[in-house]
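Me: I am new to this structure and would love a close look at one part of it. Could you walk me through a single strand and its surroundings, and then show me how a pair of helices is described?

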Amino acid sequence: MSDQSPPPPPPPLSSPFSPLNPNPNSISAFPQAKRKRTGFRRKAANLSASPSSFASQPPSNPNPNPTASVSADLSDEIIVINKDATAEAVTALTAGFPADSLTDEEIEAGVVSDIGGIEQVNYILIRNHILSKWRENVSNWVHKEPFIPLIPPHCQSLLSTAYNYLLSHGYINFGIAPNIKSQIPTEPSKSNVIIIGSGLAGLAAARQLISFGFKVLVLEGRKRCGGRVYTKKMEGNSKFAFADLGGSVLTGTLGNPLAILAKQLGVSMHKIRDKCPLYRPDGQPVDPILDQKVETSYNKLLDKVSNLRQSMGDVAMDVSLGAGLEMFRDLYGELGFEETRLFNWHLANLEYANAGLIGKLSLAYWDQDDPYDMGGDHCFLPGGNGRLVQALAEGVNIVYEKTVHTIRYSVDGVQVLAGAQTFHADAALCTVPLGVLKNKTIKFVPELPQRKLDSVRRLGFGLLNKVAMLFPHVFWRADLDTFGHLSEETDKRGEFFLFYSYASVAGGPLLIALVAGEAAGRFESMPPTDAVTKVLQILRGIYTPQGIEVPDPLQSVCTRWGTDSFSLGSYSHVAVGATGDDYDVLAEPVGDGRLFFAGEATTRRYPATMHGAFISGLREASHIKSYTSSRLITKSPSMNSQSCVALLADLFREPDLEFGGFSVIFQGRRGGDLKAPAVVRVSLGGARRKGEQLQSQQSQSRYGNSEGLSVYLLLCREQVLELREVRGGDEMRVNYLCEKLGVKLIGRKGLGPGSDSVIAAIKAERSKRRSKASVSS
């Protein structure tokens, strides 16, 4: 099937325009084959459309201009920065921003005072313009000053807000270009942070934190940086090549931050050509007509399964994708021997994409991240992804061969223990893979909250292995980047099922064979010589009948990611019983903003990808900065903090919900929004929980409660409703907060940095309601 293009993907579990997908335009603007469905993307036979023609199509919404939803009589209040606001909106889409609304993070940051109004429209226009200008030349540092003449005086505050948000959250001015690095402070001015792990997440966070002025120390257990991104130089008989033994493919280039880093390095990426011929076990090419027939049936089967899970509702969470496929497989009749082998090849490709067996993938949520796929081509980086790693590591203080075994955290800071050494810091970022967390290699003191432990247990962490071979010369077709091989046995369908040719990018004649699914686990104990012998048998079975001699490799390397103590697997997936929410839970900080988490398994939008790991590092750098700023404000009480406490006291005179000693005020009155923020006040009276040191007199003066102690926390509506149902009185509710949700009742500062915007929004909503009430009366 050398001339095939992927058929249109089935709809995801939720509609692209449902609340679960805040960026629906990313699907219509950049349609492509589903990454989780296909693994490697191949062309479908007899279809004229190609991935490049798809990428050039305009968005299904031809005008994502945020002004479109605003009535004409208000148009004179909307600023005009650039006549081509639509193009800038599309640029924002590639960065993960909705076309005409704010992200949850922007709302939490309080970038505007009026959600959905003209102020928001102008903010979005300014935000998109700044982002687009930086994207025009990502090697330069974009300053705020050049935009000042373009923005009317009444919107100058929005300019500052948009610029600061984009900068602090890593949307602009990040990377490794000389002009970017020249802006890094020569001396740290903020507190110190320890990062555990020097993979893409750790390095991204380190560079960003250093640019913010933090003092950063990275502890790495290996003798090298990069984590699961590992480029090894292979050599023999004057030949050499750079082999990516871990993460290798940049899955999409539109808005991909790793593509931005490559551009800053001046490296042109190599588009992976989608011609991928398949060969039978006897080495003969697969019949193209049969190939097309089986792929069509395979995709129809996935369509059926997609519809099935929608009809099953929550029950689908407890069913595997494999079970769903088996339910419908008989609908297409009895498959012949070769058809079965072809079908198994597609299943192996799917298991490669997910690093998980289809019998363990969640039927409901196995592809929950598909709506957020990066658009554009899938690419190799010439010279290997290690070039990005080395550039990111330059100038970062990394201490190698420091295996962390204990992390202690409290409201006062963190202690990280590696061997006999103890490292102290104000905050720590843990970027170890999910496999390490599952294995409990690191002891956390106190233990992590139960909800985080449950998410670690529920999420899957699978395996992909490789055999890299450097040959004396290229004997395979030079116009191919991939070709596939069918297996005789179902349980071996993933064994050397796909070959990647790196000859055009690695510097030499390099071929890599992939091992996925069940075969990846067995491969861990297979002697390397046996593995290479099997691969050579496959290659000689394909090329010897064509009169092409297959030489012995000059050097071979077999990976063992499953038994590597620093990874214990390859990448994450949504297993049976898990949801995308578990990725969010893994990302939550603990210890009052002292211990943070990053890595591909902490991002529900981009799990199992290199760019997902990198983006998570930028995300946590922003969170660390925000929490640190909040602590600095709290340590030096000002009129602003006192005013905030006074405002809380005023708002809680009319709580939205009360039960026991708990009072709650909600942001937004819509009861259906279970994720809406809520501020909770807990009136503890004179009681003291065992082990807690609370100074009553100090708290009374600070929080304005002379009758007893009140503490505050920030939850969502769903958590509040769960808390209300806890039986056993306030003592059991407090225990539930501390033990189940990992919340520490420590006063106003426990609300975290996002609380000010929530409190302000609640105040604004109540003011509006009072104004409407007075008008109507």
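Reply: Here is a walk along one strand and its partners, followed by a helix pair.

Please keep in mind that this is a predicted model. Let's start with strand 19, which covers residues 510–515. Of its 6 residues, 6 are buried, so the strand is largely enclosed by the rest of the structure. You can see this on both faces: Leu510, Ile512 and Leu514 are buried on one side, and Leu511, Ala513 and Val515 are buried on the other.

Now look at the strands that pair with strand 19. Strand 16 (residues 465–470) runs antiparallel to strand 19, and 6 bridges join the two. To find your place in this pairing, pick out Ala468, whose bridge partner in strand 19 is Ile512. Strand 18 (residues 495–501) also pairs with strand 19 in the antiparallel sense, over 5 bridges. Here, Leu498 stands opposite Leu514 of strand 19.

Next comes the helix pair. Two packed helices are described by the angle between their axes and the distance between those axes. For helix 10 (residues 257–265) and helix 14 (residues 386–393), the angle is about 80 degrees and the axes are 10 Å apart. Angles of 65 to 115 degrees count as roughly perpendicular, so helix 10 is roughly perpendicular to helix 14. On the helix 10 side, the contact is made by Leu258, Leu261, Ala262 and Leu265; helix 14 brings Arg387, Leu388, Ala391 and Leu392. By class, this contact of helix 10 with helix 14 has 7 nonpolar residues, 1 charged residue and no polar ones.

Key
Residues are numbered from 1 along each chain as its sequence is written. This is a predicted model: local features need pLDDT of at least 70, side-chain atom pairs count only at pLDDT 80 or more; totals for chains, interfaces and linings use all residues. Side-chain values use heavy atoms; hydrogens and water are left out. Buried means under 20% relative accessible area, exposed over 50%, partly exposed in between (1.4 Å probe, protein chains only). Helices (H or I, at least four residues) and strands (E, at least two) are DSSP runs, numbered from the N terminus. Two strands pair if DSSP finds at least two bridges between them. Axes are lines fitted to C-alpha atoms, for helices over the stretch in contact, and angles run from 0 to 180 degrees between N-to-C directions. Angles under 35 degrees count as roughly parallel, over 145 as roughly antiparallel, 65 to 115 as roughly perpendicular and the rest as oblique. Contact means heavy atoms within 4.5 Å. Ala, Val, Leu, Ile, Met, Phe, Trp, Tyr, Cys and Pro count as nonpolar, Asp, Glu, Lys and Arg as charged, and the others, Gly among them, as polar.
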